[in-house]
Number of protein chains: 2
Amino acid sequence: MLIVQVFVHVVPEHVDAFIAASEANAAASREEPGVVRFDLLREEGATDRFVLLEIYRTDEDPARHKETAHYATWKTAVEPWMASPRKSVKYRALSPADPASWKSA
Amino acid sequence: MLIVQVFVHVVPEHVDAFIAASEANAAASREEPGVVRFDLLREEGATDRFVLLEIYRTDEDPARHKETAHYATWKTAVEPWMASPRKSVKYRALSPADPASWKSA
C-alpha cells in the first residue's frame, strides 16, 4: 500500500472550477482497481489550498492512475489554475498496519 | 468533521521509541467517541518524518482528545524527541462529503 498526498495551491478565481474538476477526478479514480481511497480536503482558513489524499493498493498503481482518461482530463484542466507548483509526498502506513482497514467504511 | 494532520520530524536516535509511543497513542485515541480515524504514516524515503492523520467527529473533539491520559503520556514522551517543532494543519473534507465514509472499513 502506498499513500500519496498532493498539496495544491490554486489561483483564487479558479477555486470553484478546481473543486468541480477534482471531485469528478476523485469519483472516477475510486473506480480504479488499484485505488483504496481517493479523497479531497481543503485547508481550514485557506480557501485556495487543497490536499488530494490518494491511497493505492501497490507501488505500481499510481502510474496506472496517471494513464487513465480521467487523470488526463483533470491534469489538463487544473494545471493552468495552480498558484504554485503542486507538491506530491509519498507515505507508508505504520498504523493501522492492515491495508483492509484503510478502505472507506 | 475536522481533519488534523500533524507533521513531525523526529531526532534519528528516537525514531523507534517515537513509533512505539505513537502507535500506543493511536490505538487508545481510536477508542475515543469523538475520533473517526487516527492513523500514523511515515514519509517514504525519510525515516524520521511522520504524519499523524487525525479525523474528529466535531470541532470540539480535538480539545477533548488533548484532555486524555494517553495524549498526555504521548506528549510528555515524544516532545524531547522532536528535531523541529511539529506542525499541525486543519482540513475539511470536500469529497467524500459523507462523514460516515471516512471511517475505517
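Two strands pair here if DSSP finds at least two bridges between them. Strands themselves (E, at least two residues) and helices (H or I, at least four) are DSSP runs, numbered from the N terminus.

You're looking at a predicted model, where local features need pLDDT of at least 70 and side-chain atom pairs count only at pLDDT 80 or more, while totals for chains, interfaces and linings use all residues. Residues are numbered from 1 along each chain as its sequence is written, and chains are lettered from A, ligands numbered from 1, in the order in which they are written.

**Exercise 1. Trace the barrel and its strand pairs.**

Step 1. Start inside chain A: strand 1 (residues 2-9) is joined to strand 3 (residues 49-56) by eight bridges, and the two run antiparallel. Two partners to click on are V4(A), opposite E54(A), and F7(A), whose bridge partner is V51(A).

Step 2. Try the other neighbour of strand 1 of chain A. That's strand 4 (residues 87-95) of chain A, antiparallel again and held by five bridges. Here Q5(A) stands opposite V89(A).

Step 3. Now cross over to the other chain. Strand 2 (residues 35-43) of chain A and strand 4 of chain B run antiparallel, joined by four bridges. L40(A) has S95(B) as its bridge partner.

Step 4. Put the round together. Eight strands form a closed barrel with antiparallel pairing, in the order 1(A)-3(A)-2(A)-4(B)-1(B)-3(B)-2(B)-4(A). From one strand to the next, the twist averages 35°, with axes being lines fitted to C-alpha atoms (for helices over the stretch in contact) and angles running from 0 to 180 degrees between N-to-C directions.

**Exercise 2. Work out how the two chains meet.**

Step 1. Count the contact residues, taking two residues as in contact if their C-beta atoms, placed from the backbone, lie within 7 Å. Each side gives 24: 24 residues from chain B and 24 residues from chain A.

Step 2. See where the chain B side comes from. Helix 1 (15-29), strand 2 (35-43) and strand 4 (82-95) of chain B each supply at least two residues, and strand 4 of chain B has the largest share, seven residues.

Step 3. Sort that side of chain B by class: 13 nonpolar, three polar and eight charged residues. Ala, Val, Leu, Ile, Met, Phe, Trp, Tyr, Cys and Pro count as nonpolar, Asp, Glu, Lys and Arg as charged, and the others, Gly among them, as polar.

Step 4. Superpose the copies by least squares on the C-alpha atoms of residues with pLDDT of at least 70 in both. A turn of 180° and a shift of 0.0 Å along the axis lay chain B on chain A with an RMSD of 0.0 Å. The two copies are thus related as by a two-fold rotation axis. Of the chain B residues, A105(B) comes closest to that axis, at 2.0 Å (C-alpha).

Step 5. Compare the two sides: 100% of the interface residues of chain B are also interface residues in chain A, so the copies meet through the same surface.

**Exercise 3. Place W81(B) and decide whether it is buried or exposed.**

Step 1. Find W81(B) in the loop between helix 3 (69-78) and strand 4 of chain B.

Step 2. Count neighbours. W81(B) is partly exposed, because 18 other C-beta atoms lie within 10 Å; buried takes 20 or more, exposed 12 or fewer, and partly exposed falls in between, with C-beta atoms placed from the backbone.

Step 3. List its contacts. Not counting residues up to four places away in sequence, W81(B) touches V10(B), V11(B), H14(B), A17(B) and F18(B).
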